[in-house]
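Reader: Hi! Could you show me how to read the inside of a protein model?
Author: Gladly, let us look at it together.

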Amino acid sequence: IIDATAIAADDDAFDVAVFALSFHHLPPDRAARVLAEATRVAPVFVVIDLARPPAPLHLIRLATMAALAPVWPFAHDGLISSLRAYSPSALRELAAHAGVEVDVRPGWLGPQVAVVRRRAD
């Protein structure tokens, strides 16, 4: 198991780092630390995670899942995960806090992809 906030590797040890389908499990303070640490060990960090659509669409998604959650465990997990997913603007705020740059590619019908890089000095 690797602690993504303290990766046992030298600076630039990897060409790319990837965090797939679990970034939404991190609280904001840890998420910002992961962004900083991953870009320390790799110049490019790709975060593939659940998409957080714009508010009106998100409300529809939540209402649909909430109706199914009592009878379908997958919907319950989806409801909780959707509430925890980072929006593009939240990812940009986390990146600013971590001192890195991020290009977020929203995935309204699929995963959201964020490409994170160190700030150019």
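Author: Let us begin with one residue: leaving out residues up to four places away in sequence, leucine 94 touches Phe23, Pro28, Ala31, Ala32, Leu35 and Tyr86, where contact means heavy atoms within 4.5 Å. This is a predicted model, in which local features need pLDDT of at least 70 and side-chain atom pairs count only at pLDDT 80 or more, while totals for chains, interfaces and linings use all residues. Residues are numbered from 1 along each chain as its sequence is written, and side-chain values use heavy atoms, with hydrogens and water left out.

Reader: How is a pair of aromatic rings described?
Author: By the distance of the centres and the angle of the planes. Rings of Phe, Tyr and Trp (its six-membered ring) pair if their centres lie within 6.5 Å; planes under 30 degrees apart are stacked, over 60 edge-to-face, and the rest tilted. This structure holds four aromatic pairs. In one of them, phenylalanine 19 and phenylalanine 23 are edge-to-face, because their planes are at 90°, with the centres 5.5 Å apart.

Reader: Are phenylalanine 19 and phenylalanine 23 buried or exposed?
Author: Both are buried. Buried means under 20% relative accessible area, exposed over 50%, and partly exposed in between (1.4 Å probe, protein chains only).

Reader: Which kind of pair do tryptophan 72 and phenylalanine 74 form?
Author: A tilted one, with 5.3 Å centre to centre and 50° between the planes. Tryptophan 72 is partly exposed at 45% relative accessibility, and phenylalanine 74 is exposed, with a relative accessible area of 59%.

Reader: Which residues form one aromatic cluster?
Author: Phe19, Phe23, Phe45 and Tyr86 do.
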